[in-house]
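Trainee: I'm new to this one and don't want the grand tour. Could you pick a single part, look at it closely, and then work outwards from there?

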Amino acid sequence: MKGPTPHRLKRFACRRLRLASYLRHSGEGRPRPQIGAPVLLWALLIGLILREWSFHALEALVRSPARRGLEVGRGFSEDTLAYFTERLDPGPTRAALAATVRRAKRNKAFDGSRWIGLALDGTGAGHCREAHCPLCHPIRDAQGHVLGHLHHLCLVSVVGTGLVLPVDLEPYPPGDSEYGAGQRLLQRAVTTLGRRFAQYVVVDGEFATAPFLHLAGELGLRVVARLKGNLPELSTAAQARFTAQPPTATFEDGRDRVEVWDADDFDPWETLRWATVRVLRYRQHKPDGTCVEAYWLTDWPMGEVGSRALYRLAKSRWEIENQGFNDGKTRYGLEHVSHHHANSLLVRWLLVIFALTIERLYRLRYLHRGRHSSHTAIELVRLLRLALCPPRPPDTS
Ligand SMILES: [Zn+2]
């Protein structure tokens with residue numbers, strides 16, 4: 001197999017992932033564009049994959065001799081990107097991203113996993129001093145003084161399969177909530193991915209409320225949710241019962257020793273329309289002597305998912321934290337505000353998660369065929385950057 005280059009990556013995206021028609025019909029909103037949307041969209045995606053994520057850096061890149069190797073037809077300014085992203089309809093990008101993830105499943109990218117999960121979680125990104133857009137949330141100190149502004153968004157990602165693929169995100173303005181945005185996002189993800197795509201949704205404690213659990217059930221998903229103090233009755237009942245009992249099972253997780261307690265006959269709280277609630281408690285003992293303890297609730301029957309498997313499904317929540325938000329922020333500029341405009345922010349965030357999904361499918365599935373080990377993310381970036389060096393002219397001296 002030939003080594004990775006931006007040219008081959010683009011061919012992979014256009015042919016294997018069938019994104020050529022998305023690049024041509026991406027929701028262009030500029031009345032008389034001088035530089036076509038396919039040029040700008042591909043430049044944004046390859047720029048993100050190369051971790052040149054600011055509009056300013058991308059302008060420098062496409063005005064350098066590296067442009068040919070990037071497969072970007074023309075140079076342009078950062079103002080062009082600002083104007084383009086302000087006016088781009090985010091709908092086609094969301095649809096293309098969901099179609100890419102559906103295609104990954106059809107192409108057996110998740111084979112080897114018994115269940116496919118969706119993790120849903122919120123984060124803050126794009127800190128700035130002054131408010132510039134309707135998505136700016138003021139940050140206040142204890143006296144109510146405004147210290148700055150932050151944007152908030154919910155993300156949904158495929159987890160639990162060994163291949164973490166972000167699918168969609170939903171920012172929300174002040175007055176709205178992570179909880180509300182999360183429900184809209186889950187509904188849209190299940191509509192675009194299809195009801196049989198995933199089997200469960202895994203969420204943190206703030207989503208463990210009756211309306212959210214009911215919504216997940218209506219969408220055909222089992223729920224695995226962290227159980228915290230916001231459900232005091234169930235939380236107290238589970239603690240009282242499990243601390244008085246020996247563990248249901250003990251097993252190894254890497255170098256850690258894990259004890260689990262598991263029971264499926266807890267009473268639902270008043271508003272929850274479940275017959276009973278299953279609660280899992282785990283205590284994960286690390287080699288350095290520390291212990292991590294957590295409680296989780298689910299509607300998954302014990303006959304279908306054993307204690308150890310449920311522990312793994314609960315742990316899959318960390319994948320959105322580590323390979324969604326953490327990767328997005330530290331490596332792909334999810335925190336960065338390239339152009340402070342609500343639609344431009346949304347489009348760029350969507351392109352960040354699209355770039356993550358394309359990069360992972362290329363690196364961990366397409367390039368990883370055969371017996372050799374897969375490239376790490378930074379190795380792929382280095383190979384792609386090296387491929388941008390123009391060949392040396394022959395030495396004729
Ligand atoms: Zn803003």
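Mentor: Start with strand 1 (117–128) and strand 3 (146–159), which pair in the antiparallel sense over 10 bridges. When I say strand, I mean a DSSP run of E with at least two residues, and a helix is a run of H or I with at least four; each kind is numbered from the N terminus. Two strands pair if DSSP finds at least two bridges between them. Before we go on, keep in mind that this is a predicted model: local features need pLDDT of at least 70, side-chain atom pairs count only at pLDDT 80 or more, and totals for chains, interfaces and linings use all residues. Residues are numbered from 1 along each chain as its sequence is written.

If you want a spot to zoom in on, find Cys128, which stands opposite His149 in strand 3. Strand 3 also runs antiparallel to strand 2 (residues 137–140), and four bridges join them. There, His137 stands opposite Leu150 in strand 3. Strand 2 and strand 3 make a hairpin with five residues between the strands, and Gly144 takes a positive phi near 90 degrees in it.

Now look at strand 4 (165–172). Strand 3 and strand 4 pair in the antiparallel sense too, over seven bridges, and Cys154 stands opposite Glu170 in strand 4. These two strands form a hairpin as well, with five residues between them, and Gly160 in its turn has a positive phi of about 80 degrees.

Is strand 3 mostly covered, or mostly open? It is mostly covered, with 10 of its 14 residues buried. Buried here means that 20 or more other C-beta atoms lie within 10 Å of the residue's own; 12 or fewer makes it exposed, anything in between makes it partly exposed, and the C-beta atoms are placed from the backbone.

So what packs up against these strands? One answer is helix 12 (residues 317–331), a run of 15 residues that reaches 20 Å from its first C-alpha to its last. That is close to the 21 Å expected at 1.5 Å a residue, where the expected span is 1.5 Å times one less than the number of residues. The buried residues of helix 12 are Arg317, Glu319, Ile320, Gln323, Gly324, Phe325, Asp327 and Gly328. They pack against strand 1, strand 3 and strand 4, and also against strand 5 (200–203), helix 11 (307–315) and helix 13 (342–366). Just after helix 12 you'll meet Gly333, whose phi is positive, near 70 degrees.

Let's step back to the whole chain. The domain assignment gives domain 1 (6–91 + 338–386) and domain 2 (108–325); such bounds come from an automatic or database assignment. The centres of the two domains, taken over C-alpha atoms, are 31 Å apart. Where they meet, 14 residues of domain 1 are in contact with 14 residues of domain 2, contact meaning that two C-beta atoms, placed from the backbone, lie within 7 Å. On the domain 1 side, that makes nine nonpolar, three polar and two charged residues. In this count Ala, Val, Leu, Ile, Met, Phe, Trp, Tyr, Cys and Pro are nonpolar, Asp, Glu, Lys and Arg are charged, and the others, Gly among them, are polar.

Then there's the largest nonpolar core, with 116 residues; those with the most contacts inside it are Ala43, Leu45, Leu120, Val201, Leu227 and Ala355. A nonpolar core is a set of buried Ala, Val, Leu, Ile, Met, Phe, Trp, Tyr and Cys residues joined through C-beta atoms within 7 Å. Helix 13, which you met beside helix 12, gives the most to this core, with 14 residues. Domain 1 and domain 2 both give residues to the core, so it lies between them. In soluble globular proteins, nonpolar side chains tend to be buried together.

One last stop is Lys108, in the loop between helix 7 (90–106) and strand 1. Its phi is near 65 degrees, a positive value in a residue other than glycine. Most residues other than glycine have a negative phi. Lys108 counts as exposed because it has 9 C-beta neighbours inside 10 Å.
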